[in-house]
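Got your viewer open? Load the model, switch to a cartoon view, and follow along stop by stop.

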Amino acid sequence: LRLLHVAFRTLWLEAADYPLLLGAADVGVSLHASSSGLDLPMKVVDMFGSGLPVCALSYSCISELVTHGTTGLLFSTSAELSEQLQSLLTGFPVTPTEQLQQLQRGVVKEQQALRWEENWNSVAWPVFK
């Protein structure tokens with residue numbers, strides 16, 4: 001993979017800058033690997049809140065959060081992640097791919113349509129009644 005015009009940088013963001021960064025992105029990447037296999041990356045929730053589909057490292061329970069092909073894509077190897085990013089971002093920034101647009105619509109429909117209180121009432125409240 002020859003990314004001649006791409007640079008990866010890590011930096012510290014102030015809390016107010018984090019949503020601005022997510023809002024400027026087209027797709028998120030989650031490299032979270034659960035040691036217990038039971039926890040979910042809250043950064044993916046943040047990305048969904050910003051309307052971003054996610055390419056996420058696959059592990060035992062990540063499909064509870066990321067629906068492959070609807071709200072994002074799951075990968076197990078660096079080659080798979082590379083293929084996913086290339087397929088999502090071909091033609092970027094001039095022409096977004098249909099796949100990227102479909103995943104963005106999936107995030108809006110699946111992750112942004114249900115608000116916190118509705119989700120609590122339908123999922124958590126019945127457990128605590």
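Select Ala 56 and Leu 74: Leu 74, in strand E3, is the bridge partner of Ala 56. Now add Val 54, whose bridge partner in E3 is Gly 72. Strands, like helices, are DSSP runs numbered from the N terminus (E, at least two residues, for strands; H or I, at least four, for helices). This is a predicted model, in which local features need pLDDT of at least 70 and side-chain atom pairs count only at pLDDT 80 or more, while totals for chains, interfaces and linings use all residues. Residues are numbered from 1 along each chain as its sequence is written, and side-chain values use heavy atoms, with hydrogens and water left out.

**Stop 1: the sheet**

Colour residues 54-57, which are strand E2; four bridges join E2 to E3, and the two run parallel. Two strands count as paired if DSSP finds at least two bridges between them. Zoom out a little and you'll see an open sheet of three strands in the order E1-E2-E3, with parallel pairing. Which strands stand at the edges? They are E1 (28-30) and E3 (72-75); each has a single partner strand, so one side of each has no neighbour in the sheet. On average, neighbouring strands here are turned by 15° against each other, direction ignored. For angles, axes are lines fitted to C-alpha atoms (for helices, over the stretch in contact), and values run from 0 to 180 degrees between N-to-C directions.

Stay on E3 and show its side chains. Gly 72 and Leu 74 on one side, and Leu 73 and Phe 75 on the other, are all buried, so both faces of E3 are covered. Buried means under 20% relative accessible area, exposed means over 50%, and partly exposed is in between (1.4 Å probe, protein chains only).

**Stop 2: helix H3**

Next, select residues 78-89. This is helix H3, which lies across E1, E2 and E3 and runs at about 155° to E3. Pick out Leu 88, which sits in H3. Is Leu 88 buried or exposed? Buried, with a relative accessible area of 1%. Leaving out residues up to four places away in sequence, Leu 88 touches Val 27, Cys 55, Leu 73, Thr 97, Gln 99, Leu 100 and Leu 103. Contact here means heavy atoms within 4.5 Å. Try the distance tool on Leu 88 and Leu 100: they are 12 residues apart in sequence, and their C-alpha atoms are 5.2 Å apart.

**Stop 3: helix H4**

Move on to residues 98-112, helix H4, and find Val 107 there. Val 107 is buried, at 0% relative accessibility. Beyond its neighbours within four places in sequence, Val 107 is in contact with several residues, including Phe 48, Leu 52, Pro 53 and Thr 71. Pro 53 is 54 residues away along the chain, but the C-alpha atoms of Val 107 and Pro 53 are separated by 6.1 Å.

**Stop 4: out to the surface**

Select residues 116-128, helix H5, and look for Val 127. Val 127 is exposed, with a relative accessible area of 64%.

**Last stop: the whole chain**

Zoom all the way out. The chain has five helices and three strands, following the pattern α-β-α-β-β-α-α-α along the sequence. Its C-alpha atoms fill a box of roughly 55 × 35 × 30 Å, taken along the principal axes. Of the 129 residues, 28% are buried.
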